[in-house]
Amino acid sequence: MNHAEHFVHYRICDASAAVPLDDEHFIAADDETNVLHVYRYDAGPPVRECDLTPFLDTEDGGEADIEGAAELNGQVWWITSHGCDKKGRSSATRCQLFATDPAGRPVGKPYRRLLDDMLAHPLLDHFELAKAARKAPKDPGGLCIEGLAATPGGGLLVGFRNPVPHGWALIVPVADPAPLLDGGRAELGAPILLDLAGRGIRAIEWYGDAYYIAAGPPAAGDDYALYRWSGRAGDRPLAVDVPALAGLHPESLFFDAQGTMHVLSDDGKAQSGGRKCKEVAVEERTFRRLSIPRGEWDTYWGA
């Protein structure tokens, strides 16, 4: 049986979202830029870059803070944090749900009213998301979306890193998002709360017959874990110990065509020499990817 391996990729540090493209490539976002990067699985620099800055432009400009991705019906959906910046200043640029084709080319128009839809949704009233949206993302009770997953029924699940109401991770379902690309409004389902031991959702992905979740602290910290969840509200997710995860900061999780699980690490504060990402030349910036063959990861959950 093959075992987990670590790979290093270049030009970005804060790997935040990714999906597989084919047997040799995956496409990834960095929450500090508006550029998508296409990488080979065998490590190294990107083979292609897709700058979405013009497409994601809003009145205040700036970084969109892309945090989650999901493949659905041949398109890649991307979601931004929908929160304030780290100083608690609101930003329309950070409130976007949008789609690209697998090559990273924009499809339709970005949807910028998802937060408004959530604030108007009566089933979300008691989560006080309007109050959360006025706080910095890592403040207690702040708002930050980091997870996005396609559902078997053709919808999306939006996973929150923060808030974690009463210590539970929050998920909001979105029905078929295709109409949003042409100006339609989001249809939201009943919220789902998951017991992730006080952690929020950093990434979520459907594979086979279950969702797999990378969870971490809603604020700063290194308390990460991987979970498997049936997708049924009320079912408790099962956590597992993954020794190869030690030292990583999981921000993205996906499966390739062979069933290999890939976990990307946000290494913005873990650059060579203890430097922060912005202190490192672009060509030297790196993030790590953990590759776990199916024959290994499925034993974690007794599959």
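## Salt bridges

In this predicted model, R202 forms a salt bridge with E146, with the closest N and O atoms 3.8 Å apart. The pair links distant parts of the chain. R202 sits in strand β14 (residues 200-207) and E146 in strand β10, 56 residues apart. Both R202 and E146 are buried.

D195 pairs with R236, and here the closest N and O atoms are 3.2 Å apart. D195 lies in the loop between β13 (192-194) and β14, and R236 in the loop between β16 (225-229) and β17 (238-240), so the salt bridge ties together parts that are 41 residues apart in sequence. D195 is partly exposed at 22% relative accessible area. R236 is exposed at 65%. Salt bridges with shared partners join E146, R161, R202 and E251 into one network.

## A loop-to-strand pair

A search of the whole structure finds 18 salt bridges. One of them joins R11 to E49, with the closest N and O atoms 2.7 Å apart. This pair also links distant parts of the chain: R11 is in the loop between β1 and β2, E49 is in strand β5 (residues 48-51), and 38 residues separate them. R11 is partly exposed at 29% relative accessibility. E49 is partly exposed too, at 39%.

## Cysteines

How many disulfides does the whole structure hold? The search finds 1. The disulfide joins C13 to C277, with an S to S distance of 2.2 Å. The link of C13 and C277 is right-handed, with 80° about the S-S bond. C13 lies in the loop between β1 (5-10) and β2 (15-20). C277 lies in the loop between β19 (261-265) and β20 (286-292), 264 residues away from C13. C13 is buried, with a relative accessible area of 0%. C277 is buried as well, at 9%.

C84 is in no disulfide. Why do C84 and C95 not bond? Their sulfurs are 8.4 Å apart, too far for a bond, because a disulfide needs two cysteine sulfur atoms within 2.5 Å. The sulfur of C95 is the nearest cysteine sulfur to that of C84. C84 is buried at 1% relative accessibility, and C95 is buried at 12%.

## Positive surface patch

Which residues form the positive surface patch? They are K86, K87, K138, K269 and K276. K138 is found in the loop between α2 (129-132) and β10 (144-150). K138 is partly exposed, at 44% relative accessibility.

Methods:
Residues numbered from 1 in each chain as written. Predicted model: local features only at pLDDT ≥ 70, side-chain atom pairs only at ≥ 80, totals over all residues. Heavy atoms only, no water. Helix = DSSP H or I, 4+ residues; strand = E, 2+ residues; numbered from the N terminus. Buried < 20%, exposed > 50% of the residue type's maximum accessible area, 1.4 Å probe, protein only. Patch = residues over 30% accessible without salt bridge, like charges linked within 9 Å, V, L, I, M, F, W, Y side chains within 5 Å. Areas by Shrake-Rupley, 256 points an atom, 1.4 Å probe, with all protein chains shown as cover. Salt bridge = Lys/Arg side-chain N within 4 Å of Asp/Glu carboxyl O. Lys, Arg positive; Asp, Glu negative; His and termini not counted. Charge placed at Lys NZ, Arg CZ, Asp CG, Glu CD.
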